[in-house]
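Hello,

Here is the structure I promised to pass on to you. Please have it open while you read, and my notes on pockets, a cavity and charged pairs follow below.

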Amino acid sequence: MSFHLDPAIVPVGCFDNDIDLFESQYAVPNGVSYNSYVILDEKVAVLDTVDPRRTQEWLDNLDKALAGRTPDYLVVHHMEPDHAGSIAVLAEKFPGMTLVGNAKTFPMLTAFIGESYEGRTLTVKEGDTLELGAHTLSFVMAPMVHWPEVMVSYESAGKTLFSADGFGRFGDTNPDTPWADEARRYYINIVGKYGVQVQALLKKAAGLDIQTVCPLHGPILSGEALALALEKYGVWSSYAPEEKGVLVAYASIHGHTAKAALELADMLKAEGLTVEAMDLTRRDWAEAVAGAFRYSGLVLAAASYDAGVFPPMAQLLARLKSKGFKDRTVGLMENGSWGPTALRTMLADLEGMKGLNILEPKITIKSAASGADRTKMKELARAMAEAL
């Protein structure tokens, strides 16, 4: 799948394929890109820098694109270090370059770098423009998508939106690499709490003639890929389920809870439901968070532990709460050989989430599932199918 990009816009970013954890918490087995762009016109604008892990590679890419020219501007859309981490190096290399940001950008810049760049900054606000020649950047503020200083810019000649972290994806910049799964994991876990703010930005973007989106992570989007991204962001930012189905998330110590959860998954499938089962002790927790948002139904099955719930399930519940999980149908199953406590702990955690339909029966297993337990599991599977 190809993309359309104005020839005056040159990608100069880098791909980091040896990072293990993005933001020190998200597993990135397929790496992550740090995207940066240059607009070559009568005046030259560099759009964002890269993580310090790839500064020299980025400078080499930039020098090649500039072909001896000097940047007039550095546009700072987002101050997170994976995009702003090489600003100081670039500012030193090109002392005549003006840094472009908004009123919230430059205090952060000083906080991170210890330099205000007094006399070298241009502060822009909503609707301001930057004339480069045949190309003009218009600035749109996007506070809390997902930091308070975030802005995006629209280039009218190429009908291109530079979207900061919006529409980003873990992995490389290859447009043929499947987009949705890693974009979902990225969005739900990093941006997902700020759905209201994303919706506000989408409304602003709807008033622009956008043919191409250049994000700060992942591939450039245009055509069918852009249409898919806009559709998914509309759903994800509204907290609506992406599809009818059930995530069965289980946390088992010795295997009995896992066996019962997988049996329940089969019962749900027998009811005609799409089902995905995840072992929380072995699967990436961020993938589980994304899966919970993806489906209309969620089953939580966990062992009791230290008078509470087994920690892998506790982490999932804490993450779901922090990301604003709501408006789903939930089934619960606990295991406790002598003193079941997982159910009450899970219920207490779920109380802080809005719009949940918690189904009956709530199932308690003591060690291994019995015939009576399986009867209740079938009842729960039927209740889930009826609710969805």
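**Pockets first**

β19 gives three residues to the lining of the largest pocket, the most of any element. Before going further, please keep in mind that this is a predicted model. The largest pocket has a volume of about 330 Å³. Its lining is made up of 18 residues, and Ile253, Ala303, Ser304, Gly336 and Ser337 are the ones nearest its centre. Two elements, α8 (256-270) and β19 (295-305), give two or more residues each to that lining. By class, the lining of the largest pocket holds twelve polar residues, five nonpolar and one charged.

The second largest pocket comes to about 190 Å³. It is lined by 13 residues, with Asp181, Arg184, Arg185, Met278 and Glu287 closest to its centre. Here the elements that supply two or more residues are α5 (180-191), β18 (275-279) and α9 (285-294). The classes in this lining are eight charged, four nonpolar and one polar.

**The cavity**

As general background, rolling a probe the size of a water molecule over the atoms shows where empty space is left. In this model the count is one cavity of 30 Å³ or more, and the volume of the largest cavity is about 120 Å³. Its lining has 14 residues, of which Leu161, Phe167, Leu201, Leu202 and Ala205 lie nearest the centre. Which helix gives the most to this lining? That is helix α6 (residues 195-206), with five residues. Sorted by class, the lining of the largest cavity has eleven nonpolar residues, two polar and one charged.

**Salt bridges**

Side chains of opposite charge can pair when their charged atoms come close. The count for this model is 22 salt bridges, and three of them are described here.

Helix α6 comes up again with the pair Glu126 and Lys204, whose side chains meet in a salt bridge at 3.2 Å, N to O. Glu126 sits in the loop between β10 (121-123) and β11 (129-131) and Lys204 in helix α6, so this pair ties together parts that are 78 residues apart in sequence. Glu126 counts as partly exposed because its relative accessibility is 40%, and Lys204, at 35%, also counts as partly exposed.

Asp181 and Arg184, which you met above in the lining of the second largest pocket, form a salt bridge too, with the closest N and O atoms 2.9 Å apart. Both lie in helix α5, three residues apart, which is about one turn of the helix. Is each partner buried or partly exposed? Asp181 has 48% relative accessibility and so counts as partly exposed, whereas Arg184, at 5%, counts as buried because that is under the 20% cut-off.

The third pair is Glu243 with Arg294, where the side chains meet at 2.8 Å, N to O. This salt bridge links distant parts of the chain: Glu243 is in strand β17 (residues 243-251) and Arg294 in helix α9, 51 residues apart. With a relative accessibility of 28%, Glu243 counts as partly exposed.

Finally, which residues are linked in a network of salt bridges? They are Asp181, Arg184, Lys232, Glu242, Glu243 and Arg294. To find them in the viewer, you could begin at Asp181 and Arg184 in helix α5, then go to Glu243 in strand β17 and Arg294 in helix α9.

Happy browsing, and best wishes

Notes. Residues are numbered from 1 along each chain as its sequence is written. This is a predicted model: local features need pLDDT of at least 70, side-chain atom pairs count only at pLDDT 80 or more; totals for chains, interfaces and linings use all residues. Side-chain values use heavy atoms; hydrogens and water are left out. On a 1 Å grid over the protein atoms alone, a cavity is a set of points where a 1.4 Å probe fits but cannot get out, and a pocket is an open set with protein on both sides within 12 Å along at least five of seven lines; lining residues have an atom within 4 Å of a point. Grid points are joined across faces, edges and corners, and a volume is the space filled by probe spheres set on the points. Helices (H or I, at least four residues) and strands (E, at least two) are DSSP runs, numbered from the N terminus. Ala, Val, Leu, Ile, Met, Phe, Trp, Tyr, Cys and Pro count as nonpolar, Asp, Glu, Lys and Arg as charged, and the others, Gly among them, as polar. A salt bridge is a side-chain nitrogen of Lys or Arg within 4 Å of a carboxyl oxygen of Asp or Glu. Buried means under 20% relative accessible area, exposed over 50%, partly exposed in between (1.4 Å probe, protein chains only).
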